[in-house]
Structure formats: structure tokens, C-alpha cells
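Student: I'm new to this one and I'd like to know what the labels rest on. Can we go through it together?
Tutor: Sure, here it is.

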Amino acid sequence: MQVDLLRCRVCGTEHPAIAHGICSDCFGPLEPVYDWDTIARTVSRTSIASGPRSLWRYAKALPLAVRDPITMGEGCTPLVERRIAGARALMKLEWFAPTGSFKDRGASVMLSVLRQQGIEHVLEDSSG
């Protein structure tokens with residue numbers, strides 16, 4: 001799904017969907033503005049379940065189109081329910097990801113988009 005508009009989460013200012021992540025008015029973070037009616041017509045539990053066993057099963061709901069994703073099967077980590085101090089808590093077990101990190105999802109999207117743009121070499125740093 002193509003996104004044409006970004007909206008500031010702090011002040012609500014709208015920006016064109018180009019490669020920047022902060023609001024020009026207040027420096028708040030920008031997030032994509034989705035057409036939820038279109039998503040509801042094209043994405044369903046069935047279409048997601050029939051997709052690949054990775055985050056790319058949600059491709060129709062992502063704010064970009066990737067023709068040939070790079071993937072190691074990231075995503076689809078278990079979601080478990082536990083009680084903590086009597087309250088219901090849902091937790092993702094991210095250590096089930098291919099490298100044991102939630103960062104696999106972002107790396108898959110980033111590398112897929114870069115390859116699609118013709119980038120052949122990437123140097124990535126790590127925080128750990």
C-alpha cells in the first residue's frame with residue numbers, strides 16, 4: 001500500500017511522504033497516514049494467514065511496495081498471555097526470531113528497499 005502523507009504525532013502537521021522522519025514545525029516524529037478503507041478491502045485474516053511465514057505476510061498493509069523481499073523468516077514470533085500482578089499481559093517472544101532480536105524486522109525491510117533501489121553494498125552498525 002502506497003502512503004502519500006505523513007502526519008506529526010505531536011502537532012498533527014501533515015507532510016508529503018518523502019524520506020524524512022521529523023516534523024518541520026515542532027520536530028516531532030512523523031508516521032504514515034493509512035487509507036484504512038482500502039486496507040480493509042484488501043487485507044484480511046485469511047490473506048495474512050496464507051502469506052509467507054515472515055513479516056512479509058503483511059506486505060499489503062506496509063507503507064511501501066517491495067517486489068523481492070530479503071527475509072530470514074523474521075516476524076511470526078509467539079505471542080503469549082500471562083498474568084502480572086493480576087492484570088492480563090500479552091508478550092512477544094522475540095528470542096524466537098532468526099537472530100534472537102526484534103531488529104530482524106527492520107533489517108529485512110531496510111535491506112529489501114535498498115536492494116530494490118539498486119544499492120548493492122551496505123555497512124550497518126550495531127548497538128550490541
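Student: Leaving aside its neighbours within four places in sequence, which residues is serine 112 in contact with?
Tutor: This is a predicted model, and in it serine 112 is in contact with Trp56, Val66, Pro69 and Ile70 once those neighbours are set aside. Serine 112 itself lies in helix H3, residues 103-116.

Student: Why is serine 112 called buried?
Tutor: Buried means under 20% relative accessible area. Serine 112 has 1%, so it counts as buried.

Student: What lies 2.7 Å from a polar atom of the side chain of serine 112?
Tutor: That's the backbone nitrogen of isoleucine 70. The cut-off for a polar contact is 3.5 Å between N or O atoms, and the distance here is 2.7 Å.

Student: Where does isoleucine 70 sit, and is it buried or exposed?
Tutor: Isoleucine 70 is in the loop between helix H2 (45-49) and E4. Its relative accessible area is 30%. Buried is under 20% and exposed is over 50%, so isoleucine 70 ends up partly exposed.

Student: What does isoleucine 70 touch, not counting residues up to four places away in sequence?
Tutor: Trp56, Ser108, Leu111, Ser112 and Arg115. Trp56 also turns up among the contacts of serine 112.

Student: Back to H3. How do you know that its span agrees with what its 14 residues should give?
Tutor: We take 1.5 Å times one less than the number of residues. For the 14 residues of H3 that gives an expected 20 Å, and the end C-alpha atoms are 20 Å apart, so the two agree.

Student: Which residues of H3 are buried?
Tutor: Asp104, Ser108 and Ser112.

Student: What puts these three on the same side of H3?
Tutor: They cover an arc of only 65° around the axis, so they sit on the same side of H3. An α-helix has 3.6 residues a turn, so residues three or four places apart point the same way.

Student: And what follows H3?
Tutor: Glycine 118, with a positive phi near 95°.

Student: Let's do the strands. What makes E2 and E3 edge strands?
Tutor: Start with the sheet: 3 strands form an open, antiparallel sheet in the order E2-E1-E3. Strand E2 (14-16) and strand E3 (30-32) each have a single partner strand, so each has one side without a neighbour in the sheet, and that puts them at the edges. On average, neighbouring strands of this sheet are turned by 35° against each other, direction ignored.

Student: How do you know that E1 and E3 are paired?
Tutor: Pairing takes at least two bridges. Strand E1 (residues 5-8) is joined to E3 by 3 bridges, so they pass, and they run antiparallel. Across this pair, arginine 7 stands opposite glutamate 31 in E3.

Student: How many bridges join E4 and E5?
Tutor: Strand E4 (residues 79-84) and strand E5 (residues 87-92) pair over 6 bridges, in the antiparallel sense. Isoleucine 84 stands opposite alanine 87 in E5. Their hairpin has 2 residues between the strands, and alanine 85 there takes a positive phi near 50°.

Student: In what order do the elements of the whole chain run?
Tutor: There are 3 helices and 5 strands, and from the N terminus on they run β-β-β-α-α-β-β-α. Of the 128 residues in the protein chain, 20% are buried.

Terms used. Residues numbered from 1 in each chain as written. Predicted model: local features only at pLDDT ≥ 70, side-chain atom pairs only at ≥ 80, totals over all residues. Heavy atoms only, no water. Helix = DSSP H or I, 4+ residues; strand = E, 2+ residues; numbered from the N terminus. Axes fitted to C-alpha atoms, helices over the stretch in contact; angles between N-to-C directions. Buried < 20%, exposed > 50% of the residue type's maximum accessible area, 1.4 Å probe, protein only. Polar contact = N/O pair within 3.5 Å; in protein donor to acceptor, adjacent residues only side chain to side chain. Contact = heavy atoms within 4.5 Å. Arc of directions from axis to C-beta.
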